[in-house]
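Trainee: Got a minute to go through this model with me? I'd like to see the reasoning behind each label.

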Amino acid sequence: MARAPTRSPLAEKQMQEIIAERHWKYPVTIRIGYGLPEPIPGPVEAIECLEHRWPHNSGLYFELALLRCEAAARRASSIEEAREMFMSAAIEAYVLA
């Protein structure tokens, strides 16, 4: 049976840095409906939440957050600007915990 290749400690550290780059310094905690509060760590997770779980698929900040998070996920804009827009969308939709 073939074994999966193992990463060197340097490659593992680089992978962790890449993952950390895609997350906000502080997660945004939301609560949708009667669910438990949940932290959203970065723009990729925010996009999933906005597209599939958001209570209102409209609104000024909803649209801006989606655009900013998509740009940040592509590394075309600031990740922290995306966080600010996502927080504004959460306030607009009454889901910021």
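Mentor: Sure. Let's start with a cut-off: a residue is called buried when its relative accessible area is under 20%. Keep in mind that this is a predicted model.

Trainee: Then why is Val95 called buried?

Mentor: Val95 has a relative accessibility of 4%, and the limit is under 20%, so Val95 counts as buried.

Trainee: Where does Val95 sit, and what does Val95 touch beyond its neighbours within four places in sequence?

Mentor: Val95 is in the segment that follows helix 4 (79–92). Leaving out those sequence neighbours, Val95 has contacts with Thr29, Ile30, Arg31, Ile32, Trp54, Pro55 and Ala90. Take Ile32: 63 residues separate it from Val95 along the chain, yet their C-alpha atoms are 5.6 Å apart.

Trainee: What makes Ala93 buried?

Mentor: The same kind of check. Ala93 comes out at 9%, and the cut-off is under 20%, so Ala93 is buried. Ala93 also lies in the segment after helix 4. Not counting residues up to four places away in sequence, Ala93 touches Trp54, Pro55 and His56. As for Ser58, 35 residues away along the chain, its C-alpha atom is 9.4 Å from that of Ala93.

Trainee: On to the cysteines. How many disulfides are there in the whole structure?

Mentor: The search finds 0. Cys49 is in none, and the nearest cysteine sulfur to its own belongs to Cys69, 9.9 Å away.

Trainee: How do you know that 9.9 Å from the sulfur of Cys69 to that of Cys49 is too far for a bond?

Mentor: A disulfide needs the two sulfur atoms within 2.5 Å; these are 9.9 Å apart, so the pair doesn't qualify.

Trainee: And are Cys49 and Cys69 buried or exposed?

Mentor: Cys49 has a relative accessible area of 0%, so Cys49 is buried by the under 20% rule. Cys69 is at 0% too, so Cys69 gets the label buried as well.

Trainee: Cys49 is in helix 2 (residues 43–52). Which residues of helix 2 are buried?

Mentor: Pro43, Ala46, Ile47, Cys49 and Leu50.

Trainee: Why do you say that the buried residues of helix 2 line one face?

Mentor: Look down the axis of helix 2: its buried residues fall within an arc of 165 degrees, so they line one face. As background, an α-helix has 3.6 residues a turn, so residues three or four places apart point the same way.

Trainee: What do the buried residues of helix 2 pack against?

Mentor: Strand 1 (28–30), strand 2 (38–40), helix 3 (60–73) and helix 4.

Methods. Residues are numbered from 1 along each chain as its sequence is written. This is a predicted model: local features need pLDDT of at least 70, side-chain atom pairs count only at pLDDT 80 or more; totals for chains, interfaces and linings use all residues. Side-chain values use heavy atoms; hydrogens and water are left out. Helices (H or I, at least four residues) and strands (E, at least two) are DSSP runs, numbered from the N terminus. Buried means under 20% relative accessible area, exposed over 50%, partly exposed in between (1.4 Å probe, protein chains only). Contact means heavy atoms within 4.5 Å. The arc is that of the directions from the helix axis to the C-beta atoms.
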